[in-house]
Amino acid sequence: MYCTCSALQAWFDRPLALEWCDTIARPAWHKLRTSHHLKDIPKDSLGLLLMDNLDAQTTDEFIKRVEDKLQSTAWFGPPN
């Protein structure tokens with residue numbers, strides 16, 4: 001099994017989720033928000049980040065980071 005984090009049994013642990021938000025999602029979201037595809041959407045509108053209830057995604061720290069850094073709302077699908 002390929003693991004990108006320090007936890008051997010989790011492919012997306014809490015520290016990695018926070019790092020993903022800062023280093024992958026934030027730059028990608030900024031690039032999308034400033035692209036010509038979204039030029040007519042008001043700058044103060046919120047995004048919607050759909051997630052699947054991974055433990056790392058349900059922490060208060062991660063949800064706050066999504067709100068603050070991505071100007072988005074975390075939305076969870078039904079638990080498996």
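**Notebook: pocket, fold, salt bridges, phi angles**

I began with the largest pocket, which holds about 160 Å³ of space. I am working from a predicted model. Rolling a probe the size of a water molecule over the atoms shows where empty space is left.

**Entry 1, the pocket lining.** I listed the residues that line the largest pocket: Arg-26, Trp-29, His-30, Arg-33, Thr-34, Lys-43, Lys-69 and Gln-71. Which element gives the largest share of this lining? I found helix α1, residues 14–33, with four residues. I then sorted the lining by residue type. Four residues are charged, three are polar and one is nonpolar. I marked Gln-71 from this list for a second look.

**Entry 2, the chain as a whole.** I counted two helices and two strands in the protein chain. In what order do the elements run from the N terminus? I read α-β-α-β. The chain has 80 residues, and 29% of them count as buried. Next I took the contacts between residues at least 6 apart in sequence. Of these, 58% join residues at least 24 apart. I also looked up the surface. The protein chain exposes about 6,000 Å², and 59% of this comes from carbon and sulfur atoms.

**Entry 3, salt bridges.** Side chains of opposite charge can pair when their charged atoms come close. How many salt bridges does the count give? I get four. I followed up some of them.

I looked at Asp-55 with Arg-14. Their closest N and O atoms are 2.8 Å apart in this salt bridge. The pair links distant parts of the chain, 41 residues apart: Asp-55 sits in the loop between β1 (47–51) and α2 (60–70), and Arg-14 in helix α1. Are these partners buried or partly exposed? Asp-55 is partly exposed, at 47% relative accessible area. Arg-14 is partly exposed too, at 44%.

I moved on to Arg-65. Arg-65 forms a salt bridge with Asp-22, with 2.7 Å between the closest N and O atoms. Arg-65 lies in helix α2 and Asp-22 in helix α1, so this salt bridge ties together parts that are 43 residues apart in sequence. I noted Asp-22 as partly exposed, with a relative accessible area of 28%.

Arg-65 also meets Glu-61 in a salt bridge, at 3.7 Å from N to O. What separates these two along helix α2? They are four residues apart there, so about one helical turn lies between them. Glu-61 is partly exposed, at 48% relative accessible area. I drew the three residues together: Asp-22, Glu-61 and Arg-65 are linked in a network of salt bridges.

**Entry 4, positive phi.** Most residues other than glycine have a negative phi, and most peptide bonds are trans. I therefore noted the residues below because they depart from that majority sign.

Asn-53 has a positive phi, near 65 degrees. I located Asn-53 in the loop between β1 and α2. At 27% relative accessibility, Asn-53 counts as partly exposed. Asp-55, of the salt bridge with Arg-14, is in the loop between β1 and α2 as well.

Then I returned to Gln-71. Its phi is near 45 degrees, again a positive value in a residue other than glycine. Where is Gln-71 found? I placed Gln-71 in the loop between α2 and β2 (72–76). Gln-71 is partly exposed, with a relative accessible area of 40%. I closed the entry where I began, since Gln-71 is one of the residues that line the largest pocket.

Notes: Residues are numbered from 1 along each chain as its sequence is written. This is a predicted model: local features need pLDDT of at least 70, side-chain atom pairs count only at pLDDT 80 or more; totals for chains, interfaces and linings use all residues. Side-chain values use heavy atoms; hydrogens and water are left out. On a 1 Å grid over the protein atoms alone, a cavity is a set of points where a 1.4 Å probe fits but cannot get out, and a pocket is an open set with protein on both sides within 12 Å along at least five of seven lines; lining residues have an atom within 4 Å of a point. Grid points are joined across faces, edges and corners, and a volume is the space filled by probe spheres set on the points. Ala, Val, Leu, Ile, Met, Phe, Trp, Tyr, Cys and Pro count as nonpolar, Asp, Glu, Lys and Arg as charged, and the others, Gly among them, as polar. Buried means under 20% relative accessible area, exposed over 50%, partly exposed in between (1.4 Å probe, protein chains only). Contact means heavy atoms within 4.5 Å. Accessible areas come from the Shrake-Rupley method with a 1.4 Å probe; for residues, only the protein chains shown count as cover. A salt bridge is a side-chain nitrogen of Lys or Arg within 4 Å of a carboxyl oxygen of Asp or Glu.
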